[in-house]
Amino acid sequence: MQTSVGAHRAARSGVLQRGASGSRIGSRRSLRVEARDYPRPAFDTAETFQEAQALSAKLKNAPRPAKPLKVAIVGGGLAGLSAAKYLSDAGHKPVVLEGRDVLGGKVAAWKDKDGDWIETGLHIFFGAYPNMMNVFRELGIEDRLQWKEHSMIFAMPDAPGEFSRFDFPDIPAPLNGVVAILRNNQMLTWEEKIKFAIGLIPAIFGGQQYVEDQDGLSVTEWMAKQGVPPRVNEEVFIAMAKALAFIDPDVLSMTVVLTALNRFLRETHGSKMAFLDGAPPERLCQPMVDHFTARGGELRMNARLKNIELNEDGSVKALELCAHTHMCVRPTSLRLC
Ligand SMILES: Cc1cc2nc3c(=O)[nH]c(=O)nc-3n(C[C@H](O)[C@H](O)[C@H](O)COP(=O)(O)OP(=O)(O)OC[C@H]3O[C@@H](n4cnc5c(N)ncnc54)[C@H](O)[C@@H]3O)c2cc1C
């Protein structure tokens, strides 16, 4: 289940718990696997969640357009399907053009010949995703999210089979994050924990402007500037950088990590994790499609956009699709007006 790359993937081991005794078998710490769900976090009162609800309500309650717009959306990943959902809520007619024969983009999954699902990778839905949580609620599929205990668990690169835990107590942010760092079980020394917590202060209290201002620094450079010990970078931020952007922290902009970290540290339930109870195309994408098609929207699979033809004034004249998705030959023109 776990790899040393990817906080998402490492953290998915919210289901892995150290044995009550924490005993070691040979040089290995024994682990008890506990696959149970936790209650849905009470994030409804969070400002971000309320903002998401208000935005959605604004679209739903907007006066119905006299002439609904037919809007082409290229891509049936979560962004395209969400856009289609909200456009249909506002009374418009989205047409989603998906180039492949499977929904979901990066959350796509395929059934093998035995009927088992193969996913691109396990996906975590964080408490810090108010818009996504709102989509689940509005589609009536919130119960498909399986919440886990509030912990981030990292595989230790130098100690195969051992895991380092950051357990968040049930107290408000940012204190829960600070306590999680201070009581980390085995990865960090006390000196490292304190330096790490102090180094993160601007990430906790700096606003969005601070996050954006760090774009000139890589994650590694920012950590050095903040006096965070190199071992923290190696053992936590290599995983986090790879999970967020599939690249190493010495080349990833700190703005990317801070955008996530800021939310995780400032929102009490921000770093809580949930997993979908099945394959995303079936359990999440299809209900999104059902929602907008029931409101007059349309989904076209195997509809790969090849070219956007423009008018002289720069407006869109036509979308040129590939007749054969994989070969991109014999283009046909699709006019959406
Ligand atoms: C292995 C893996 C693990 C991940 N884990 C997590 C996680 O745990 N938590 C998390 O929050 N995020 C995770 N992510 C990231 C997350 O999956 C993506 O951020 C998100 O799904 C992107 O959605 P999107 O709609 O923006 O783009 P995409 O999912 O990339 O969708 C784009 C869609 O457009 C289609 N398309 C592209 N070109 C054309 C064209 N010319 N014509 C028609 N269609 C076209 C594609 O086929 C695709 O369906 C993970 C990603 C991967 C790959």
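Two strands count as paired if DSSP finds at least two bridges between them. In this predicted model, S10 and strand S13 (residues 273-276) clear that bar, with three bridges joining them in an antiparallel run. One of the matches puts Gln146 opposite Phe275, its bridge partner in S13. The pair belongs to an open sheet of three strands, ordered S9-S13-S10 and paired antiparallel. Strand S9 (124-126) and strand S10 (145-147) sit at the edges, each pairing on one side only. On average, neighbouring strands here are turned by 40 degrees against each other, direction ignored.

A parallel pairing turns up elsewhere in the chain. Strand S5 (residues 70-74) and strand S6 (residues 93-97) run parallel and are held together by five bridges. Lys70, for instance, has Lys93 as its bridge partner in S6. To get from S5 to S6 the chain passes through H3, and this β-α-β crossover is right-handed.

Helix H3 (residues 78-89) shows up again around the ligand, where it supplies three residues, the largest share of the shell. There are 21 residues around the ligand, and the ones that come nearest are Gly75, Gly77, Gly99, Gly105 and Gly121. By character, the shell splits into 10 polar, seven nonpolar and four charged residues.

As for helix packing, the axes of helix H2 (residues 47-61) and helix H4 (residues 130-138) come within 8 Å and cross at roughly 55 degrees. Angles from 65 to 115 degrees count as roughly perpendicular and those under 35 as roughly parallel, so H2 and H4 are oblique to each other. Their crossing is right-handed.

Notes: Residues numbered from 1 in each chain as written. Predicted model: local features only at pLDDT ≥ 70, side-chain atom pairs only at ≥ 80, totals over all residues. Near = placed C-beta within 6 Å. Helix = DSSP H or I, 4+ residues; strand = E, 2+ residues; numbered from the N terminus. Nonpolar A, V, L, I, M, F, W, Y, C, P; charged D, E, K, R; others polar. Right-handed = clockwise from strand over helix to strand, strands pointing away. Axes fitted to C-alpha atoms, helices over the stretch in contact; angles between N-to-C directions. Parallel < 35°, antiparallel > 145°, perpendicular 65-115°, else oblique. Left-handed = near helix turned anticlockwise from the far one by under 90°.
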